[in-house]
Amino acid sequence: ITSALDVSIQGSIAALLTQIKNDRGISMLFVTHDLALVRTLADRVIVLRDGRVVESGLTARVFDHPEQDYTQRLLAHTPTLDAIGA
(Lines give C-alpha, C1' and ligand atoms only; values in the text may rest on other atoms or scores of the structure.)
Protein backbone atom coordinates (compact mmCIF):
# COMPACT_ATOMS: atom_id res chain seq x y z
CA ILE A 1 0.00 0.00 0.00
CA THR A 2 2.97 2.31 0.40
CA SER A 3 5.60 0.70 -1.85
CA ALA A 4 5.85 3.57 -4.34
CA LEU A 5 6.01 6.29 -1.67
CA ASP A 6 9.06 7.85 -0.05
CA VAL A 7 9.79 6.96 3.56
CA SER A 8 8.33 10.12 5.13
CA ILE A 9 5.06 9.75 3.21
CA GLN A 10 4.96 6.04 4.12
CA GLY A 11 5.15 7.01 7.79
CA SER A 12 2.38 9.57 7.38
CA ILE A 13 0.12 7.06 5.65
CA ALA A 14 0.80 4.42 8.33
CA ALA A 15 -0.01 6.93 11.08
CA LEU A 16 -3.20 8.01 9.30
CA LEU A 17 -4.38 4.42 8.83
CA THR A 18 -3.65 3.63 12.48
CA GLN A 19 -5.60 6.71 13.57
CA ILE A 20 -8.58 5.79 11.37
CA LYS A 21 -8.51 2.21 12.68
CA ASN A 22 -8.44 3.37 16.29
CA ASP A 23 -10.94 6.24 15.95
CA ARG A 24 -13.53 4.33 13.99
CA GLY A 25 -12.93 0.82 15.25
CA ILE A 26 -12.82 -0.59 11.74
CA SER A 27 -10.93 -3.50 10.29
CA MET A 28 -8.65 -3.23 7.28
CA LEU A 29 -7.19 -5.92 5.07
CA PHE A 30 -3.78 -5.42 3.50
CA VAL A 31 -1.91 -7.75 1.19
CA THR A 32 1.76 -6.84 1.30
CA HIS A 33 5.32 -8.11 1.36
CA ASP A 34 6.38 -5.19 3.59
CA LEU A 35 6.77 -6.95 6.93
CA ALA A 36 7.86 -3.77 8.73
CA LEU A 37 4.58 -2.16 7.69
CA VAL A 38 2.69 -5.26 8.82
CA ARG A 39 4.31 -5.03 12.26
CA THR A 40 3.38 -1.34 12.45
CA LEU A 41 -0.25 -1.59 11.31
CA ALA A 42 -1.59 -5.07 11.87
CA ASP A 43 -3.06 -6.54 15.03
CA ARG A 44 -3.26 -9.93 13.33
CA VAL A 45 -1.33 -11.47 10.43
CA ILE A 46 -1.76 -14.39 8.07
CA VAL A 47 1.35 -15.78 6.38
CA LEU A 48 0.68 -17.34 2.99
CA ARG A 49 2.84 -19.65 0.92
CA ASP A 50 1.69 -20.59 -2.57
CA GLY A 51 -1.77 -19.25 -1.72
CA ARG A 52 -2.18 -21.38 1.40
CA VAL A 53 -2.21 -20.28 5.02
CA VAL A 54 1.02 -21.30 6.72
CA GLU A 55 0.59 -19.46 10.01
CA SER A 56 -1.74 -16.91 11.54
CA GLY A 57 -2.29 -15.10 14.80
CA LEU A 58 -1.49 -11.93 16.66
CA THR A 59 1.23 -10.07 14.79
CA ALA A 60 3.59 -9.81 17.75
CA ARG A 61 3.30 -13.54 18.48
CA VAL A 62 3.80 -14.64 14.87
CA PHE A 63 6.71 -12.25 14.27
CA ASP A 64 8.45 -12.74 17.63
CA HIS A 65 7.82 -16.50 18.00
CA PRO A 66 7.05 -18.00 14.59
CA GLU A 67 6.09 -21.66 14.79
CA GLN A 68 6.37 -22.63 11.14
CA ASP A 69 9.68 -23.08 9.30
CA TYR A 70 8.49 -20.98 6.35
CA THR A 71 7.58 -18.05 8.61
CA GLN A 72 10.93 -18.33 10.40
CA ARG A 73 12.79 -18.22 7.09
CA LEU A 74 10.67 -15.36 5.79
CA LEU A 75 11.37 -13.25 8.87
CA ALA A 76 15.07 -14.20 8.89
CA HIS A 77 15.46 -12.83 5.36
CA THR A 78 13.70 -9.55 6.03
CA PRO A 79 16.10 -6.59 5.96
CA THR A 80 16.49 -4.62 9.19
CA LEU A 81 18.27 -1.42 10.07
CA ASP A 82 20.75 -3.47 12.11
CA ALA A 83 21.63 -5.47 8.99
CA ILE A 84 22.61 -2.33 7.06
CA GLY A 85 24.68 -0.81 9.87
CA ALA A 86 22.26 1.87 11.02
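**Exercise 1. In this predicted model, which residue of β2 stands opposite Val45?**

Step 1. Start with the strands: β1 and β2 pair in the antiparallel sense, over 6 bridges.
Step 2. Now find Val45 and look across to β2, where Gly57 stands opposite Val45.
Step 3. Follow the chain to the turn: β1 and β2 form a hairpin, with 2 residues between them.

**Exercise 2. Find the residue in the loop between β1 and β2 that has a positive phi although it is not a glycine, and decide whether it is buried or exposed.**

Step 1. Keep the usual case in mind: most residues other than glycine have a negative phi.
Step 2. Go to the loop between β1 and β2, where you will meet Asp50. Asp50 has a positive phi of about 55°.
Step 3. Check the accessibility. The relative accessible area of Asp50 is 72%, and exposed means over 50%, so Asp50 is exposed.

**Exercise 3. List the residues of the largest nonpolar core, and say which elements each supply at least two of them.**

Step 1. Pick out the 7 residues of this core: Leu35, Val38, Val45, Val47, Val62, Phe63 and Leu75.
Step 2. Assign them to elements: α2, β1 and α3 (59-64) each supply at least two residues.
Step 3. Take Val47 as an example and set aside its neighbours within four places in sequence. Val47 is then in contact with Arg52, Val53, Val54, Glu55, Val62, Tyr70, Thr71 and Leu74. One of these, Val62, belongs to the largest nonpolar core along with Val47.

**Exercise 4. Describe the largest pocket: what is its volume, and which element gives the most to its lining?**

Step 1. The volume of the largest pocket is about 870 Å³.
Step 2. Its lining has 28 residues, and those closest to the centre are Phe30, Val31, Val38, Val45 and Ile46.
Step 3. Two or more lining residues come from each of α1 (7-24), α2 (35-41), β1 (44-49), β2 (52-58) and α4 (69-76). β1 gives the most, with 5 residues.
Step 4. Sort the lining by character: 19 residues are nonpolar, 6 polar and 3 charged.

**Exercise 5. Which residues line the second largest pocket, and how do they divide by character?**

Step 1. Locate this pocket, which has a volume of about 150 Å³.
Step 2. Its lining is made of His33, Asp34, Leu35, Ala36, Thr78 and Pro79.
Step 3. Sort these residues as before, and you get 3 nonpolar, 2 polar and 1 charged.

How values were computed: Residues are numbered from 1 along each chain as its sequence is written. This is a predicted model: local features need pLDDT of at least 70, side-chain atom pairs count only at pLDDT 80 or more; totals for chains, interfaces and linings use all residues. Side-chain values use heavy atoms; hydrogens and water are left out. On a 1 Å grid over the protein atoms alone, a cavity is a set of points where a 1.4 Å probe fits but cannot get out, and a pocket is an open set with protein on both sides within 12 Å along at least five of seven lines; lining residues have an atom within 4 Å of a point. Grid points are joined across faces, edges and corners, and a volume is the space filled by probe spheres set on the points. Helices (H or I, at least four residues) and strands (E, at least two) are DSSP runs, numbered from the N terminus. Ala, Val, Leu, Ile, Met, Phe, Trp, Tyr, Cys and Pro count as nonpolar, Asp, Glu, Lys and Arg as charged, and the others, Gly among them, as polar. Buried means under 20% relative accessible area, exposed over 50%, partly exposed in between (1.4 Å probe, protein chains only). Two strands pair if DSSP finds at least two bridges between them. A nonpolar core is a set of buried Ala, Val, Leu, Ile, Met, Phe, Trp, Tyr and Cys residues joined through side-chain atoms within 4.5 Å. Contact means heavy atoms within 4.5 Å.
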